[in-house]
Amino acid sequence: MRNLQKDNDDDIYEGFDNPMTSAMQYMNFESAQGVSAPMQAASILRAQEKRLGTSRLGTAAQRQGTARMGTAMRGYQGGEEARPMTSIRAAGYTSQGKPGSAGMNAFASAGGGSAPPLEKKDASSPEDEARELEKKVNKLLEDSAIARSENKLQLALDLAKEAARKERQLGKLREQKQLMDQMNIDLTYAVYFNLASQLEANEYWPEALNSYSLIVKNKQYANAGRLRINIGNIYFKQQKYPAAIKMYRMALDQIPHSGEHLRFKIMRNIGNAFVRMGNYQDAIMSYEASMEGKPDFQSGFNLIVCYFALGDREKMKRSFAKLLDIKDSNFGEENDDDEANEDEDEDEAVMEEDELKKAHKEYRSKAKHLVLQAAKLIAPKIEKDFVAGFDYIIEMLQKSHNYMDVASDMQISKAIYFLKQKNSKDAKDSLIAFEKQDNNEIDATTMSRAYTNLCFIYFLEGNIKEADKYGTKAIQSDRYNAKALVNKGNCEMNKAYAYEEKEKYDEAREHFTMAKELYMEGIGVEADCIEAIFNLGLCCKSMAHLEHMLQNDLDYQKNIRAALQAFEKLYSIMPDSPECNYNIAVIYDELQKTKKASVAYQRLIALVKTDAGVLARYGSLLAREDDEAAAYENHHESYKFFPVDMEVISWLGAYFVKSEMYEKAMEYFQKAAQIQPKEVKWRLMVASCYRRIGSYQLALRTYEEIEKSHPDNLECLNYLVRLCKELGMKDKKEEYQSKLARAEQEQAKLASMRTMQDVSSMHAQQEFNGGGSRRDEGYVGYGEFHARAPETDSLMQQGQMDAAAEVARAVAERQAAGGAKKVISKAKKEEDDDWGDEELGEDLLPM
């Protein structure tokens with residue numbers, strides 16, 4: 001509905017507040033009066049010059065006529081011998097024709113000779129001064145209109161204000177010089193109308209309203225009442241809809257019935273205002289009056305929207321039928337283009353310059369767009385079953401010869417509506433029906449769109465084979481369908497990932513390359529196709545990771561930079577895209593350009609302030625840069641939004657341990673123990689924190705709980721023995737010492753068994769390789785073992801056997817000497833050690 005309101009907003013100003021130049025607005029407005037103000041001003045100037053020129057010409061003609069008349073009369077009166085009627089000599093000339101002859105003397109005596117010099121023009125005369133000032137006003141008015149056409153609104157306003165100032169000077173000058181009979185009312189009207197229009201364009205609403213009101217109230221301007229339309233438009237923009245309706249109706253009263261086109265546009269504006277007020281009944285009355293007088297597509301569409309808002313199915317059908325029946329001189333038949341295309345010898349350059357044809361196409365495109373939007377709006381609502389509604393609309397469109405392509409679009413819309421209802425089966429059936437129709441009935445572009453949607457549906461379902469099939473058909477139907485190229489590229493990307501998982505890297509690289517070419521071709525078709533640009537960046541990024549895994553550093557650098565270039569291009573189009581900023585930040589992080597990565601992360605966090613993963617990544621980057629304070633802030637924010645991320649919890653716990661703030665660290669380790677109750681290390685870290693703050697009783701209790709669930713944990717038993725000794729609990733100390741001895745014995749047995757299994761497996765591998773022989777190459781391939789030299793294997797075996805023997809020897813000595821005494825004597829040696837300052841395990845430090 002918001003898009004519909006936007007269309008209505010654009011339509012409100014059609015015809016009377018056109019965003020063309022103010023001069024063009026004035027010409028359109030004054031066309032009913034017959035002549036515009038600037039044109040009338042120019043005609044007045046030409047009339048004045050013509051009068052002056054006529055007087056000079058009369059004087060010269062009078063002098064010349066007098067001279068000729070004098071010559072003729074003297075000859076007739078007898079001053080000279082009269083020329084006989086049969087003479088062949090020219091009048092006033094002798095046969096000799098010399099300077100001293102009688103003919104020349106006669107010409108001189110007739111009042112000939114040099115003409116007197118012309119009188120010099122007096123530049124300081126009041127008339128000329130007023131005329132020059134009027135020319136300046138017209139020039140400023142013209143410049144203001146040109147600036148408005150170039151969308152230089154502030155410059156146009158400044159020029160309009162200067163024109164108004166000059167016009168006031170002109171009025172004062174004529175008043176002082178008593179030249180009031182030369183006052184140009186049309187020029188004054190044009191100047192102040194242009195000023196009001198420029199104020200409106202710059203959204204100076206009060207000033208514009210004041211200027212329009214001054215013009216309307218002036219009785220000297222015959223048709224100034226029409227400007228109430230502009231006043232109504234300003235009230236409409238200010239959302240003062242009752243005032244706008246009042247102005248529209250006052251303007252409607254002043255428009256004669258001969259201007260019915262303008263009257264119906266005003267009625268449509270009144271309907272738009274009623275719609276904004278939610279008064280659909282009154283809006284319907286205005287739209288129906290407009291449709292009965294002079295039907296147009298915009299009013300018909302607005303009428304359908306009103307009936308849709310009221311839920312009147314029958315009137316929606318009737319209004320849609322009226323919309324299809326609109327006949328307009330601008331809207332020709334479908335075969336108009338076919339007839340034009342039959343002339344193959346027609347010059348394309350001339351056709352491109354045909355403004356009338358362009359206007360015809362624009363009007364036709366807008367009409368079909370409105371029909372399609374109306375059909376999509378009412379199709380699911382005009383029947384109880386939306387399928388029947390779509391079928392009814394499609395049948396009506398097919399009956400109208402002008403809307404066959406719109407009917408095909410509605411079939412695709414029907415399939416999309418099935419998808420919205422999560423009915424992919426019927427959606428596919430509706431689109432597959434295009435294949436069964438005659439290809440002559442459906443153009444290639446529509447077929448390509450249908451195949452593109454089928455490809456997309458199958459891709460979402462995971463049926464890559466069928467998706468690839470229809471993606472190929474879509475490209476074959478229309479090679480310049482950017483969406484089809486993108487979908488086909490996605491299918492190739494999916495194949496590449498499948499080969500990469502199977503470790504078939506050559507095939508994966510091949511399909512990545514094909515996908516890259518398809519995305520680039522899609523960008524060539526539509527330079528701003530954001531799907532193609534984004535997927536191109538992902539494709540190059542995946543290719544870079546593949547080459548990095550294969551240790552091809554040169555190809556890795558080439559592809560990762562291509563990915564960065566694609567995402568930066570997308571960033572120039574969509575700077576507020578979180579996905580684009582995320583990929584830019586990650587790529588800069590991979591390239592170790594920490595400053596640029598930090599800037600990209602900051603932009604991303606400004607867009608998605610609650611994304612815990614982004615905050616954690618940025619915190620890790622800051623930690624690598626030794627900015628511990630900022631790193632902690634970002635990790636803490638990440639923990640607030642997603643308190644179950646184990647990496648973030650581990651980092652925060654380690655941070656507080658390093659800062660010797662064990663109470664705070666304990667909170668995070670306890671949280672981790674709740675999330676992973678089977679992981680013993682978190683409870684061990686909690687107990688360690690209790691020991692470090694001197695809460696030995698709590699530490700003992702925690703260790704005892706750990707010992708119950710993990711009785712063979714050597715670290716827990718060791719700390720229990722030491723805590724019992726520290727707290728003077730001899731009975732428990734001996735009990736835990738015996739448990740520790742048994743646990744160590746079990747660990748020794750397991751280590752010995754593990755060692756023997758490793759030795760056996762190595763001997764079996766040697767026999768498999770041919771009596772202990774090894775392959776010469778050091779690296780065979782992914783998933784296979786590394787070959788070692790025989791000396792290395794023997795040393796490793798000997799080391800493992802020595803380690804097992806050492807463990808067995810230690811256990812035997814403990815049993816022979818009485819394990820308890822041995823442990824006690826060892827504890828006495830370590831009694832004075834600060835046993836609570838052991839380092840945090842590497843597995844608990846942040847990655």
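A cavity is a set of grid points where a 1.4 Å probe fits but cannot get out. The legends below refer to a predicted model.

**Figure 1. The whole chain, a predicted model built from helices.** The chain has 38 helices and 0 strands. Of its 847 residues, 40% are buried. Among contacts with a separation of 6 or more, 58% join residues that are 24 or more positions apart. The chain exposes about 48800 Å², and carbon and sulfur atoms supply 51% of that area. The structure holds 2 cavities of 30 Å³ or more; Figures 2 and 3 show them.

**Figure 2. The largest cavity, with a volume of about 40 Å³.** Its lining consists of Glu288, Leu303, Tyr307, Lys315, Arg318, Ser319 and Lys322. Two helices, α13 (297–310) and α14 (313–324), each supply at least two of these residues. The largest share, 4 residues, comes from α14. Sorted by class, the lining has 4 charged, 2 nonpolar and 1 polar residues.

**Figure 3. The second largest cavity, with a volume of about 30 Å³.** Glu167, Leu170, Gly171, Arg174, Met183, Asn184, Leu187 and Thr188 line this cavity. Helices α6 (153–176) and α7 (185–201) each contribute at least two residues to the lining. With 4 residues, α6 gives the most. By class, the lining of the second largest cavity divides into 3 polar, 3 nonpolar and 2 charged residues.

**Figure 4. Residues 225–258, annotated in UniProt as a TPR repeat.** The annotation comes from an unreviewed entry, which places the feature "repeat: TPR" at residues 225–258, 264–297 and 646–679. In the model, residues 225–258 are 71% helix and 0% strand. The C-alpha atoms at the two ends of this span are 16 Å apart.

**Figure 5. Residues 264–297, another span that UniProt records as a TPR repeat.** Helix accounts for 85% of the span and strand for 0%. The end C-alpha atoms of residues 264–297 lie 13 Å apart. Glu288, one of the residues lining the largest cavity, belongs to the view shown here. Helix α13 (297–310), which also supplies residues to that lining, begins at residue 297.

Conventions: Residues are numbered from 1 along each chain as its sequence is written. This is a predicted model: local features need pLDDT of at least 70, side-chain atom pairs count only at pLDDT 80 or more; totals for chains, interfaces and linings use all residues. Side-chain values use heavy atoms; hydrogens and water are left out. UniProt positions are given in the numbering used here, feature names are shortened, and annotations may be inferred rather than shown by experiment. On a 1 Å grid over the protein atoms alone, a cavity is a set of points where a 1.4 Å probe fits but cannot get out, and a pocket is an open set with protein on both sides within 12 Å along at least five of seven lines; lining residues have an atom within 4 Å of a point. Grid points are joined across faces, edges and corners, and a volume is the space filled by probe spheres set on the points. Ala, Val, Leu, Ile, Met, Phe, Trp, Tyr, Cys and Pro count as nonpolar, Asp, Glu, Lys and Arg as charged, and the others, Gly among them, as polar. Buried means under 20% relative accessible area, exposed over 50%, partly exposed in between (1.4 Å probe, protein chains only). Contact means heavy atoms within 4.5 Å. Accessible areas come from the Shrake-Rupley method with a 1.4 Å probe; for residues, only the protein chains shown count as cover.
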